[in-house]
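Let's take a walk through this structure together. Have the sequence and the 3D view at hand as you read.

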Amino acid sequence: MTSVSVGFAGLAILFTLIGFGMPIGFAMGLIGFAGFSLLVNFDAAIVRVGVTTFHMATNQAMGTVPLFLFMAHILFAAGIGRDLFDFAAKWLGRRRGGLAIATIGASAGFASVSASSLATTATMGLVALPEMRKHNYDTAMASGAVVAGGTIGSLIPPSGMFIIYGILTETSIGKLFAAGIIPGILLAIFYMIAISVWCRINPLAGPRGPKYSFRDKLQSFTKIGEVVALFALVMGGIIAGWFTPTEAGAIGAAGAMAIAIVRGRLSWEAARHAIYSTLKSTGMIFGILFGAMVFNSFVTASTIPLHIVNYVTESGFSPMVVLLMILAVYFLLGMVLDASAMMTLTIPLFFPLVTTLGFDAILFGVLVVRMTEIALLTPPVGMNVYVLSGIAKDIPLTTMFKGALPFVGADFIHVALLISFPILVLWLPNL
Amino acid sequence: MQAIDDILRRISDAVGIVGVLAIFSLMMLTVVTVIFRAMHIAFPGTYSIAELLLVPAVSISVAYAALHNEHTRATLFVDNIKNRRLRLAIHGVMLILGSLFWVVVMWATVREAIRRGAQNELSPIINVPIAPFRWSMAAALALLCVLLLWQGYKLLRGIPTDDEQAHPDYTE
């Protein structure tokens, strides 16, 4: 058996195990170890596993994972999501579809302190969805705005997906964070336009919300001022080179604790819940990362990435066509796989090809994260939709998926824009 | 069976406290380092301490996530199996098979701990022995393997895990 055949056989077994419900990181680790043993030898595989895993567990850059998660969990426990929605609703709610637009704005704001799309969706599902329903919004539009708004969570830093991508490809996490800001803001604008168009077609889908005085509007800002300052400090610090992403995570977590304590919103129970949730989420991410690193070694030893590169360069496809084909693969995989699994499984295969074709690693990272986020909205896996359906049990899944459709359309236009104008992604990290 | 469940939960909770303390200490240490650096006061070796703190934080978190059944699974196909007993049995088999990977990681960690321990491996600048951290990682991985094997055994006997969800519940 050639190394490539072993590689493909390994991939086939891996997908079978994942299909049968084996935790994805465990399956990648198991197949990675078995495959590496076959291709090299058992002793080398053991040494490789020991060195790789301990190196990962002691790599200072890995500190970004628990620290940013802690910051997000603390602010989540402190109810910052409600304040952000309150602020956005007061400023934007009076327009047609204004509460849905406010949901997108608040999601973008919450994304700036949360590392996860699912957390953003859950928060807005609890806060914004009942408000929109109270004001007779079309349930498809209301749920669509919540699930779509959630996807901004992985684009605006801090982002768990960028951290995973940075670790897997050894790309600067700080630069990835910076790269996500402009596309994240653009995406929020695209979603707002989608809502406005929807309301123009069907004005009853998003009735006008209540009117607030200018004084009320100004007062709502006082509740989010500290969070805006914290985001500016954390991201500004990374971009300006004052501190590393790990240090930014620590500053963010400590700042989040200070904000929550000063506001009197951090009970002992809430703090306890936040840090144990951090421990669980950290374990979940490292469960995948340990497996992915071992799997990476196997994929490299199988020489599959080299063969893909050779095949593609000999076939004469233009780099752009190859990139579009890869993004199409992500779209299809997203229908059956979870975002982090999709990324950890495919990056070892596609990353060498994409960089060989001359694409920037940071641009590719942003595009991959975008595609994995679109997968959160599309059936049958669409995790954001499932998270929301756990909160709003009376809204049928079909209504939610239908509501997400116009936003998926906006997503594709957004991805096309990023591919056409890479400067939108690369300007900030290259400052 | 309940007694074993209780013992494992108590051990995991106790170990969880160590993990929580490690994350909290990592945060405090990093913040203090940044603040003092801004005041042009340097503490050599804080990076080394942070790296060592990550060992319990990471390895314990993986075991703790397993206790709460938080490791990401794709359940699209298995959820369609109508027979509940069969579904649980497949989940159990997958956990037991998956635990083999962690047995390998634990074994590899123990081998490295013995080999590097014999060489008196020290962390840079602060000269702290690394062996205890390697052994602590091996211990957390041993706990992880026991948890997975126990959960797998229970599932094979038709007893569901405490939390049958594939993803963390952010709505708690």
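The paragraphs below go from chain A as a whole to its contact with chain B, and then to a few single residues.

A word before we start: this is a predicted model, so please read each value below as computed from that prediction.

Begin with chain A. Its secondary structure comes to 20 helices and zero strands, so if you colour chain A by secondary structure, helices are what to look for. Along the principal axes, the C-alpha trace of chain A spans about 75 × 45 × 45 Å. How does the radius of gyration of chain A fit with a compact globule? For 431 residues, such a globule would have a radius of gyration near 22 Å, and chain A agrees because its own value is 22 Å. Of the 431 residues in chain A, 64% are buried. The contacts also reach far along the sequence: among those in chain A between residues at least 6 apart, 80% join residues at least 24 apart.

Now bring chain B into view. How many residues does each chain give to the contact? Chain A gives 70 residues and chain B gives 57 residues. Between them, the two chains bury about 5,800 Å², and 78% of that area is on carbon and sulfur atoms. On the chain A side, A:Phe26, A:Phe54 and A:Lys280 are good residues to pick out, as they supply 13% of the area that chain A buries against chain B, more than any other three residues.

Polar and charged groups take part in this interface too. The count between chain A and chain B is three salt bridges. One of them pairs A:Glu247 with B:Arg37, with the closest N and O atoms 2.8 Å apart. Across the same two chains, six residue pairs are in polar contact, with both residues at pLDDT 80 or more. Which helices of chain A build the side that touches chain B? Those that each supply at least two residues include helix H1 (3-19), helix H2 (24-39), helix H3 (42-57) and helix H13 (268-302). H13(A) makes the largest share of that side, with 15 residues. Sorted by class, the side of chain A that touches chain B has 46 nonpolar, 20 polar and four charged residues.

With the interface in place, zoom in on single residues. A:Lys90 lies in helix H5 (residues 80-92) of chain A. Is A:Lys90 buried or exposed? A:Lys90 counts as buried because its relative accessible area is 17%, under the 20% cut-off. Leaving out residues up to four places away in sequence, A:Lys90 touches A:Tyr212, A:Asp216, A:Lys217 and A:Ser220.

Next, look at the backbone. The peptide bond from A:Pro157 to A:Pro158 is cis, with omega near -5°. A:Pro158 sits in the loop between helix H8 (139-151) and helix H9 (160-169) of chain A.

Chain B has backbone details of its own. B:Asn120 is in the loop between helix H3 (84-118) and helix H4 (131-156) of chain B, and B:Ile125 is found in the loop between H3 and H4 of chain B as well. B:Asn120 has a positive phi of about 55° although it is not a glycine. B:Ile125, also not a glycine, has a positive phi of about 70°. B:Asn120 counts as exposed because its relative accessibility is 61%, and B:Ile125 counts as exposed at 60%.

Note on methods: Residues are numbered from 1 along each chain as its sequence is written. Chains are lettered from A and ligands numbered from 1 in the order in which they are written. This is a predicted model: local features need pLDDT of at least 70, side-chain atom pairs count only at pLDDT 80 or more; totals for chains, interfaces and linings use all residues. Side-chain values use heavy atoms; hydrogens and water are left out. Contact means heavy atoms within 4.5 Å. Buried area is the accessible area (1.4 Å probe) that two parts lose on being put together, summed over both. A salt bridge is a side-chain nitrogen of Lys or Arg within 4 Å of a carboxyl oxygen of Asp or Glu. A polar contact is a pair of N or O atoms within 3.5 Å; within protein, one must be able to donate a hydrogen and the other to accept it, and residues adjacent in sequence count only if both atoms are side-chain atoms. Helices (H or I, at least four residues) and strands (E, at least two) are DSSP runs, numbered from the N terminus. Ala, Val, Leu, Ile, Met, Phe, Trp, Tyr, Cys and Pro count as nonpolar, Asp, Glu, Lys and Arg as charged, and the others, Gly among them, as polar. The radius of gyration is taken over C-alpha atoms; the globule rule is 2.2 Å times the number of residues to the power 0.38. Buried means under 20% relative accessible area, exposed over 50%, partly exposed in between (1.4 Å probe, protein chains only).
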